[in-house]
Amino acid sequence: MFELTPLESEALGLSLRVGFWAVLGSLPLGLFVAWLLVRVEFPGRTIVNGLVHLPLVLPPVVVGYLLLVLLGRNGPVGSLFYDWFGWTFAFTWQGATIASAVVAFPLMVRSIRLGLELVDRRLETAARTLGATRLDAFWTVTVPLVLPGILTGAVLAFARSIGEFGATITFVSNIPGQTQTLPLALYTVTQSPGGDQAALRLVLISCILAFAALAASELLARHVKRRLLGGSA
Amino acid sequence: MIEIDVSRARKRFSVDVKFSMETHGITTLFGPSGSGKSTLIDLIAGLLKADRGHISLGGRTLYDSETQIDLPPERRRLGYVFQDARLFPHMTARANLRYGMRRHPLAERRLREDDVIDLLGLGHLLARRPAQLSGGERQRVAIGRALLVSPDLLLMDEPLASLDQPRKNEILPFIRRLPRELDMPVIYVSHALEEVIRLSDRVVVLTEGNVRAAGEVEDILSRPDLAPYTGRFWAGAVIRASVEGHDGDYALTRLAFSGGGLLVARLDHPIGAEVRIRVRSRDVSLALSPPTDSSILNAIPCVVREIAADDTAQADIVLDAGGTRLLARITRKSVDALGLAPGVAVYAMIKAVSVERPSVERAEPDNSRESHASS
């Protein structure tokens, strides 16, 4: 009844792929930055905090443009990449992933950070007296207790990645099969005459995807909470 | 043997501590809050950094500022029981117990998991999470968790402070059994004199970050010069005695100690059990001849050793009763009226009903099992 057109399935697949890798790729860094902001006193913490939150307040187009300037074929980082690997982010799904990851990063850090602030540091101290190294204590005590925050952060970041538009179109343009995710596809069909029907279908797909993500996060959070703390009976 | 000589200075609080002591049995670090006892235990555990000094345990150096040795907490082979238990909330009691154990090679595990579970009565709690345990049960799991590391020494930081009296009474017997049944030396932090008397063999008195005195409990708590720290109102002597017999008709118990016999209100301990009792100096009065026509049941012949008096109404008299030290607090007026001076023979009169609840010390093994299954 609901058969996807090649354009739709391509856009959906690309969106899922971009969202998945954006979340997975930024998770370790997000955890590290959240830990840094919560647990370590260092000069310039406010600056790091500001930088992390910047993509949340900047127009996505600005983020995309900055990425283009930095990582583009002629940018300071992008040109190095091109010299070493003969490869560029421009017009690739990997570039779209980076754009999504950067925009979603503050959301991820925020929820991990909130979770981390709730974990009693003294539990790590207890673990140390039981023979765990600092890293061991972090992985076996703190991370499991922050898991709900990490999951929430991942889902939020995934949802934000799926919806990413401005930074992506600015950084890697709108190329079907390469960088044309769901929102970009939707934008394309709304620009072509008689695209109402196609637009409606894409809107529907986007909504289903968003609901699925929310439901998944709710189920996961409930499951994790039960596993972590047990019932109270 | 633990040897400690460390200092740590911070803006609001400094410790400068030096003592060395046998560790077998239970040693209490005793002092009011802010005396540095928790800081000291954290320095021993490696949770706080000392500015300078040396800490060694059984000849093993844990910290030495000169040779720049500073073992991290996980390599000090010490167990630590915190006031607030600090069980890992996402693990069952069993997983908590095994957390430290699994991090130590089999060859280093001196204590068996089943023995510790038995000793602490944890068998029926293993599948539960900390949220499903009572405060006392949590603390017992925490003790077991620390023991299963098979540490050289178990540190306990006021493990009973956040529990109510029934819970305290539930856990005290477990702690008392550790040195004897598991050969586990304990350093115990406390500001409660009752715990010192009931638990410890040795005591280190700390005030304002310094060691005031260190030694056997009987010696330290019987010293009148330490009364301001051990509590002036409660000042008194701690004496060791054994139960000689019970007088059922009058509900009295006869004790024997080096100074003779002592009648006290009935104790539940079996004949032959060794007990430690505390006789407050304000419950002891003196007479030059044995009293007649008096309600006093105990008149113990003693010799005056020392008289400590200032310009208040009171004087503290140190007495020697066949080698045991007793303390009496009387007025200075009485000191002069009786002509008391070192060397004078007197009778110490102790009301039988005034003796504090004693604690059984090194009792017979079958007697020590009394509250095994309490929970």
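# A first look at a two-chain predicted model

In strand 6 of chain B, Ile69(B) is the residue that stands opposite Asp64(B). That pair is a good place to start in this predicted model. It belongs to the pairing of strand 5 (residues 60-64) with strand 6, which run antiparallel and share two bridges. From there we can look at the rest of the sheet, then at chain A, at the places where parts touch, and at the predictor's confidence.

**The sheet in chain B**

- Five strands of chain B form an open sheet in the order 2-1-4-5-6, and their pairing is antiparallel.
- At the edges are strand 2 (14-21) and strand 6 (69-70) of chain B, each of which pairs on one side only.
- Strand 1 (residues 2-9) of chain B is joined to strand 2 of chain B by eight bridges, and the two run antiparallel.
- One of the residue pairs between strand 1 and strand 2 of chain B is Ile2(B) with its bridge partner Met21(B).
- The link from strand 1 to strand 2 of chain B is a hairpin, made through four residues.
- Strand 1 of chain B also pairs with strand 4 (residues 52-57) of chain B, in the antiparallel sense and over six bridges.
- If you would like to find that second pairing in the structure, look for Asp5(B), whose bridge partner in strand 4 of chain B is His54(B).

**Chain A**

- Chain A holds ten helices and zero strands.
- Read along its sequence, chain A therefore has the pattern α-α-α-α-α-α-α-α-α-α, with helices as defined by DSSP runs.
- The C-alpha trace of chain A spans about 70 × 50 × 30 Å along its principal axes.
- Of the 233 residues in chain A, 37% are buried.
- Taking contacts in chain A between residues at least 6 apart in sequence, 74% join residues at least 24 apart.

**Where the two chains touch**

- On the chain B side, 20 residues are in contact with 17 residues of chain A.
- Strand 7 (78-81) and helix 2 (93-101) of chain B each supply at least two residues to the side of chain B that touches chain A.
- That side of chain B has eleven nonpolar, four polar and five charged residues.

**Two domains in chain B**

- Chain B is divided into domain 1, covering 2-221, and domain 2, covering 236-360.
- The centres of these two domains of chain B, taken over C-alpha atoms, are separated by 35 Å.
- Contacts between the domains of chain B involve five residues of domain 1 and six residues of domain 2.
- On the domain 1 side, helix 6 (193-199) and helix 7 (217-221) of chain B each supply at least two residues.
- Helix 7 of chain B gives the most to that side, with three residues.
- By class, the domain 1 side in chain B has three nonpolar, no polar and two charged residues.

**How confident the predictor is**

- Chain B has a mean pLDDT of 85, and 94% of its residues reach 70 or more.
- Among the elements of chain B, the highest mean pLDDT (94) belongs to strand 7 and the lowest (54) to strand 21 (residues 359-360).
- Residues 362-375 of chain B have pLDDT below 50, and beyond near neighbours in sequence this stretch has 16 contacts in the model.
- Where pLDDT is low, predicted coordinates should not be read in detail.
- For the complex, the predictor gives an ipTM of 0.77 and a pTM of 0.76.

Methods
Residues numbered from 1 in each chain as written. Chains lettered and ligands numbered in written order. Predicted model: local features only at pLDDT ≥ 70, side-chain atom pairs only at ≥ 80, totals over all residues. Pairing = 2+ DSSP bridges. Contact = placed C-beta atoms within 7 Å. Nonpolar A, V, L, I, M, F, W, Y, C, P; charged D, E, K, R; others polar. Buried ≥ 20, exposed ≤ 12 C-beta atoms within 10 Å, placed from the backbone. Domains from an automatic or database assignment. pLDDT = per-residue confidence, 0-100.
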